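User: Hi! I am new to reading protein structures. Could you go through this one with me?

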Amino acid sequence: MTFGEHPMFLRFIIAAFLSVSFCVSATAQQVAFGKIANNPDAALEITADQLSVNQENGTAVFDGNVVIGQGVMRLAAGRVLVVYAEGDQKIERLEATGGVTLVNGEDAAEAERADYSIANNEVVMSGNVLVTQGPNALTSESMTLDLATGTARMNGRVKTILNTGQD
């Protein structure tokens with residue numbers, strides 16, 4: 001009798017496989033990110049080592065150890081460009097670069113770049129994206145995060161590691 005003909009052996013192999021980290025690769029995957037929806041109208045609190053403002057083109061650059069808070073969401077980066085809406089003092093978008101980390105509730109994401117559209121309540125992270133959710137991790141080339149719904153779409157070569165909680 002071969003191992004394939006023995007159902008107990010096959011169940012043992014499947015159980016052993018599932019007891020270790022489960023890894024899935026795909027080209028796109030939708031995941032939950034952050035348990036609390038972000039309010040795009042909430043105030044932004046920004047701290048940085050330096051600030052440069054350009055009145056002509058309606059931008060501001062925060063440089064060095066930048067930390068941005070909005071509600072429960074936190075974004076850290078080396079540099080953040082703030083673009084104001086034309087003819088308005090409202091912030092249109094943020095462009096973060098240099099070791100970007102985004103934390104929303106217990107979920108965290110890292111990437112080379114993050115573009116936050118305030119009007120769309122959406123963050124697009126790109127460049128070696130890593131998402132951690134407790135013991136689980138996901139990687140991809142980019143992630144589009146809908147802050148209103150708390151869902152994210154991972155794009156590009158996606159790798160998922162799901163820990164089953166078994167030893």
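Here are some questions and answers about the core and the charged side chains.

Analyst: This is a predicted model, in which local features need pLDDT of at least 70, side-chain atom pairs count only at pLDDT 80 or more, and totals for chains, interfaces and linings use all residues. Residues are numbered from 1 along each chain as its sequence is written, and side-chain values use heavy atoms, leaving out hydrogens and water.

User: Which strand gives the largest share of the largest nonpolar core?

Analyst: A nonpolar core is a set of buried Ala, Val, Leu, Ile, Met, Phe, Trp, Tyr and Cys residues joined through side-chain atoms within 4.5 Å. The largest one here has 31 residues. Strands are DSSP runs of E, at least two residues, numbered from the N terminus. The largest share of this core, 5 residues, comes from β5.

User: Is Glu-95 buried or exposed?

Analyst: Buried means under 20% relative accessible area, exposed over 50%, and partly exposed in between (1.4 Å probe, protein chains only). Glu-95 has a relative accessible area of 16%, so Glu-95 is buried.

User: Which residues are linked with Glu-95 in a network of salt bridges?

Analyst: A salt bridge is a side-chain nitrogen of Lys or Arg within 4 Å of a carboxyl oxygen of Asp or Glu. Arg-93 meets Glu-95 in one (2.8 Å, N to O), and Arg-93 also forms one with Glu-92, with the closest N and O atoms 3.1 Å apart. Another joins Asp-115 and Arg-113 (3.0 Å, N to O). The residues linked with Glu-95 in the network are Glu-92, Arg-93, Arg-113 and Asp-115.

Note on methods
Helices (H or I, at least four residues) and strands (E, at least two) are DSSP runs, numbered from the N terminus.
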